[in-house]
Amino acid sequence: MFRQAAHRLFTRSTTTTITIRRLYSTEVATDASSGDAAFVEAWKKVAPNIDPPKTPIQYMEPRPPTPSTLPSKLTVNFVLPYAAELSKSEVDMVIVPATTGQMGILPGHVPTIAELKPGLLSVHEGNDVKKYFISSGFAFVHSNSYADILAVEAVPLDRIDPAQVQKGLSEFTQKLNSASTDLDKAEAQIGVDVHSALNSALTG
Amino acid sequence: MAMAALRREGRRFAPLVSSPNPINAIRSTLAPAEEQMGLGVRSISTQVVRNRMKSVRNIQKITKAMKMVAASKLRAIQVRAENSRGLWQPFTALLGDTPSVNVKKNVIVTISSDKGLCGGINSTSVKISRALHKINSGPDTECKYVILGEKGKAQLIRDSKKDIELIMTELQKNFLNYTQVSVLADDILKNVEFDALRIVFNKFQSVVSFLPTTATVLSPEIVERESEAGGKIGDLDSYEIEGGETKSEVLQNLAEFQFSCVMFNAVLENACSEQGARMSAMDSSSRNAGDMLDRLTLTYNRTRQASITTELIEIISGASALEG
């Protein structure tokens, strides 16, 4: 009797895991392309009886080549370590907080690698504007009107509490004034920078 | 009814437990049963089989519990691993994938688990690392290991002790988050000189299958070299670079960020594969224990029946001898 119960429990658990797998397994290798030919060649010489390991490019969906005419939309991937905030969504424009200043990216932008500083990221689609505050990261713009934005942390702007920002700003300013070592000073400076960026994002 | 019979049986064999050589009774298997029939009791002992059944049942309980634990951990970590998959893709789109790049200082980062009983995932990543080591070590190139996890360390320290640069363990003691992994990546970057980092891990595909994978991260100098001389990442030169004082500074930041992102995904994928592999390993061992238990139960019942039959025959023949 107990064994049957266990069996039933097991079948149930496997079926649930299978459904989960189906839900998420869209990304894992679909084609059996061999990746880097030179690498596979070298591998076969050294370890003929082990299959060569996969490489990341085999898991990626191939991106389209650069179109000859200017596309009307920009394809944006906006990723965080714990989520893909936007994935292949087509928008009109994004404005990213590059270290050199706010940078607007439209379809057909020149290929760019931009370092990001804490600041406001806005995604424009028609009249709809989504605003995020991002901590820092990188933005890549490719020639095929693909933009990849990577950030360590991002929050929608409407979830930030202005009172807390003011409090944090005054706290870190105080810390900066009283800091004695270089490390303390640098930490306090970062705090001040982030909070003033938050402040200007909220007010501006 | 059956339980009552068993209890009666137990009472009947109770004196056997305190037989002259109880240790022997536990140690021996079924074969030397005649030895234990001392004191005029002429039946076959079932004590040994019962002990064995008990221990098998306990093992089955343990493996079942481990399977359940692995299943629940898997569910939590699988979501996180799948969410982190977007993180490395922009880098591969930008810098391409260069497993065959030929550089002087190679470092292989082997990711393994801290705990065992999880099928073949650790030996797979060790095997892959060894082969990569063979490919990349030559007369004018050198190849070192950085090992994450207790089990990879145990296997690689045997034959390539001199090549191990850095060992990190107890990775999964705390909750795996990006901050923790980036501190770890920072440690590796600070302590190890490299031209190319080759990260070996098991990518999670499903509960029963995982794909050994190697991701390559190049140092900023090599990125510059490869993009200039018409190398493997040829189109990086067409990109405009915003921010930072110089191009090399931005590339340095980029390489470090790339390493932490790739590591984050790799560590999560490997942890996920570990739980999946453990789950299926524990499932098959509880099934094996069940099979064994069935066989033992059969043996036990057969022996019991035989001893009852013998006793009956003795009684009947004794009675008929008196009558006759």
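These exercises walk through a predicted model of two chains, A and B.

**Exercise 1. Find where the predictor is most and least confident in chain B.**

Step 1. Start with the average. Chain B has a mean pLDDT of 85. In that chain, 85% of the residues score at least 70.

Step 2. Go to the elements. Confidence is lowest in helix H2 of chain B, residues 22-27, with a mean of 43. It is highest in strand E4 of chain B, residues 196-204, at 95.

Step 3. Look at the stretch around the low value. Over residues 12-38 of chain B, pLDDT stays under 50. The model has 27 contacts beyond four places in sequence for this stretch.

Step 4. Turn to the complex. The predictor gives an ipTM of 0.80 and a pTM of 0.81.

**Exercise 2. Describe the fold of chain A from its secondary structure and contacts.**

Step 1. Count the elements. Chain A has four helices and 10 strands.

Step 2. Read them along the sequence. The pattern is α-α-β-β-β-β-β-β-β-β-β-β-α-α.

Step 3. Take one strand pair. E1(A) and E2(A) are antiparallel and share six bridges. Within this pair, Val76(A) has Ser89(A) of E2(A) as its bridge partner. The link between E1(A) and E2(A) is a hairpin of two residues.

Step 4. Check burial and contact range. Of the 204 residues in chain A, 28% are buried. Among contacts in chain A with a separation of 6 or more, 49% join residues 24 or more positions apart.

**Exercise 3. Work out the strand order of the five-stranded open sheet in chain B, and say what packs on it.**

Step 1. Write the order. It is E3-E2-E1-E4-E5 of chain B, with mixed pairing.

Step 2. Mark the edges. Strand E3 (164-168) and strand E5 (210-218) of chain B each pair on one side only.

Step 3. Add the turn between neighbours. On average it is 20°, direction ignored.

Step 4. Inspect one pair. Strand E1 of chain B, residues 105-111, runs parallel to E4(B), with five bridges. Ile108(B) has Arg198(B) as its bridge partner in E4(B).

Step 5. Place the helix. Helix H6 of chain B, residues 150-159, packs on the sheet and touches E1, E2 and E3 of chain B. The direction of H6 makes about 145° with that of E2(B).

**Exercise 4. Identify the residues with the most contacts inside the largest nonpolar core.**

Step 1. Name them. They are Val109(B) and Ile199(B), in a core of 102 residues.

Step 2. Find the main contributor. Helix H9 of chain B, residues 247-323, supplies the largest share, 18 residues.

Step 3. List neighbours of Ile199(B). Beyond four places in sequence, Ile199(B) touches eight residues' worth of named partners, including Val109(B), Ile111(B), Val262(B) and Ala266(B).

**Exercise 5. Trace how chain A meets chain B.**

Step 1. Size the two sides. Chain A gives 50 residues to the contact, and chain B gives 50 residues.

Step 2. Find the elements on the side of chain A. Those giving two or more residues include helix H2 (37-46), strand E5 (112-116) and strand E9 (146-151) of chain A. H1(A) gives the most, with eight residues.

Step 3. Sort by type. The side of chain A holds 31 nonpolar, 11 polar and eight charged residues.

Step 4. Follow the strands across. E5(A) runs parallel to strand E6 of chain B, residues 240-242, and three bridges join them. One partner pair is Ala114(A) with Glu242(B) of E6(B).

How values were computed
Residues numbered from 1 in each chain as written. Chains lettered and ligands numbered in written order. Predicted model: local features only at pLDDT ≥ 70, side-chain atom pairs only at ≥ 80, totals over all residues. pLDDT = per-residue confidence, 0-100. Contact = placed C-beta atoms within 7 Å. Core = buried A, V, L, I, M, F, W, Y, C linked by C-beta atoms within 7 Å. Buried ≥ 20, exposed ≤ 12 C-beta atoms within 10 Å, placed from the backbone. Nonpolar A, V, L, I, M, F, W, Y, C, P; charged D, E, K, R; others polar. Pairing = 2+ DSSP bridges. Axes fitted to C-alpha atoms, helices over the stretch in contact; angles between N-to-C directions.
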